[in-house]
Structure formats: C-alpha cells, structure tokens
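Work through the exercises below with the model open beside you. Try each task before reading its solution.

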Amino acid sequence: MKLRESGMPEEAYWASLLDVNLILDRLGVDRTLRSVVEMGCGYGTFTLPVAQRISGILETVDIEPAMIERTRQRAREAGLSNIVCEARDVMTDGFGGVPESRDACLLFNILHCEDPVRLLTAAAQALQPGGWLLVIHWRYDPATPRGPSLDIRPRPEQILGWAEHTGLLEPAGPVLDLPPWHYGLRLKRTA
Ligand SMILES: C[S@@+](CC[C@H](N)C(=O)[O-])C[C@H]1O[C@@H](n2cnc3c(N)ncnc32)[C@H](O)[C@@H]1O
C-alpha cells in the first residue's frame, strides 16, 4: 500500500528544498558504511549521493515503478554500479535481502505513514546489531514550503517514542538541525 501523502512534486523543485550534502554529513554517511538500504528512493535525490559516499552496496526500494526507473536511469548516467533498485511494497513485503545484515537503513521523509511502529520495526530488522537507523523529516513548522499535513507530521520526540516501542532501537545522539527545513535522528539497532 502506498503510504499516505507520499507523492512527490516536480524533481528539481524537490531537490531545491534539501541541502543533501549537509544532511548526509550530519548523519555521518561515509565510507565506514558498507551495506545500506533505503526506503522510498523517490527521484534518487539521496540515493546517488549516498552511493557515492559509502564503500559498498546501496539497496533502494520504492512502490512506484516510475521512481525506480528514474533512479536507475540517474545511476546509469552517473556511472554508479553500487546501487540495486527494486520495486517493492515495504509495508507488505519488508525490505527483502538478508535480514539483520545492513550497516544502515534510511527512512527519509516517510515516518508520517499510517503505521510508523511497523515501518520502524521492519527497518530495525534489516539492520545488523549496532547498525544505524537514519531518519530525516520536515520540521513541525507551518512555514515549511512542503511536507505532509501538520496533523500527521511527526515531531522528533514522537519518532523516538515509536522507536522505543519496537524494542529494537535506541537513540544515539541529539536531534540534528538540517537546515533549511528538516531535522534528523540517528538511532542504533540494539543487540
Ligand atoms: C515523500 S517521498 C520521499 C523520497 C525520498 N526518500 C526523499 O526523501 O527524497 C516517499 C517515497 O516513498 C515511496 N513509497 C510510498 N509508499 C511506499 C511503500 N509502501 N513501499 C515502498 N515505497 C513507498 C513513494 O513512492 C515515494 O517515492
């Protein structure tokens, strides 16, 4: 099932709302990561820069075949061979691949979904013990130029509460400011 309010505006406009390098720097996305899985690649806005930073494979999934095709095309054009794209419904089929194996899982702009505890649980199950769950979301602020309706938009403390509820994740550091419009969280998969 496609998650609520998870459609995308035009590609260049979406990219203009995000400081991708600053976000990935502050989240600690670098060569220490060998295996990463991403929920909802969209246009590949983060997929390509993440693949360029890590030392291994980035698996990415999206329920929309058009988003997968666009991300594949961009990866081909950029000459990146470490991106594996798959059309997949994470809510019904999980992340796939080898469970409990990844160094990091990315949940970017998606935790306003209907069942965030279920999504966080699936993400945690994709991670090896000690692996990183990296989250970004729109600030809870009516001035943001995009983002889901405020009545379903999660604040950082709500996400931390849901993560605790999974019994598989613990916070690892403060809430990150990701200007102009986002915040971020780093959580760790417990043993
Ligand atoms: C708001 S966009 C964010 C895209 C990307 N993470 C970013 O921040 O640039 C959410 C993406 O999740 C995808 N999506 C929605 N429901 C999904 C599901 N059940 N399984 C996999 N992908 C899904 C949408 O198609 C969309 O591309």
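**Exercise 1. The pocket lining**

How do the residues of the lining of the largest pocket divide into nonpolar, polar and charged?

Solution. Keep in mind that this is a predicted model.
- Step 1: start with the volume, which for the largest pocket is about 510 Å³.
- Step 2: list the lining, which has 33 residues. Closest to the pocket centre are Ser6, Met8, Gly40, Asn109 and Ile110.
- Step 3: sort the lining by class. It holds 17 nonpolar, eight polar and eight charged residues.
- Step 4: assign elements. Strand S1 (35–39), strand S2 (57–62) and helix H5 (90–93) each give at least two lining residues.

**Exercise 2. The nonpolar cores**

Find which residues touch the most other members of the largest nonpolar core, and which elements supply that core.

Solution.
- Step 1: this core has 31 residues, and Phe46 and Val50 touch the most other members.
- Step 2: trace the elements. At least two residues each come from helices H2 (20–27), H3 (47–53) and H4 (65–77), and from strands S3 (83–87), S4 (102–108), S5 (127–138) and S7 (176–178).
- Step 3: pick the main contributor. H2 gives the most to this core, with five residues.
- Step 4: look for another core. A second, separate one has 28 residues, including Val90, Cys105, Leu107 and Cys113.

**Exercise 3. Around Phe46**

Which residues does Phe46 touch, not counting residues up to four places away in sequence?

Solution.
- Step 1: leave out the sequence neighbours up to four places away.
- Step 2: read off the contacts of Phe46, which are Leu18, Val20, Ile23, Leu24, Glu38, Phe108, Asn109 and Ile136.
- Step 3: check burial. Phe46 and Phe108 are both buried.

**Exercise 4. The aromatic pairs**

Classify the aromatic pairs; the count comes to two.

Solution.
- Step 1: take Trp14 and Trp138. Their ring centres are 6.0 Å apart and their planes stand at 70 degrees, so this pair is edge-to-face.
- Step 2: place the two in the chain. Trp14 sits in helix H1 (residues 11–16) and Trp138 in strand S5, 124 residues apart, and the pair links distant parts of the chain. Trp14 and Trp138 are buried.
- Step 3: take Phe46 and Phe108. With ring centres 4.8 Å apart and planes at 80 degrees, the pair is edge-to-face.
- Step 4: place these two as well. Phe46 lies in the loop between S1 and H3, and Phe108 lies in strand S4, so their pair ties together parts 62 residues apart in sequence.

Conventions
Residues are numbered from 1 along each chain as its sequence is written. This is a predicted model: local features need pLDDT of at least 70, side-chain atom pairs count only at pLDDT 80 or more; totals for chains, interfaces and linings use all residues. Side-chain values use heavy atoms; hydrogens and water are left out. On a 1 Å grid over the protein atoms alone, a cavity is a set of points where a 1.4 Å probe fits but cannot get out, and a pocket is an open set with protein on both sides within 12 Å along at least five of seven lines; lining residues have an atom within 4 Å of a point. Grid points are joined across faces, edges and corners, and a volume is the space filled by probe spheres set on the points. Helices (H or I, at least four residues) and strands (E, at least two) are DSSP runs, numbered from the N terminus. Ala, Val, Leu, Ile, Met, Phe, Trp, Tyr, Cys and Pro count as nonpolar, Asp, Glu, Lys and Arg as charged, and the others, Gly among them, as polar. A nonpolar core is a set of buried Ala, Val, Leu, Ile, Met, Phe, Trp, Tyr and Cys residues joined through side-chain atoms within 4.5 Å. Buried means under 20% relative accessible area, exposed over 50%, partly exposed in between (1.4 Å probe, protein chains only). Contact means heavy atoms within 4.5 Å. Rings of Phe, Tyr and Trp (its six-membered ring) pair if their centres lie within 6.5 Å; planes under 30 degrees apart count as stacked, over 60 as edge-to-face and the rest as tilted.
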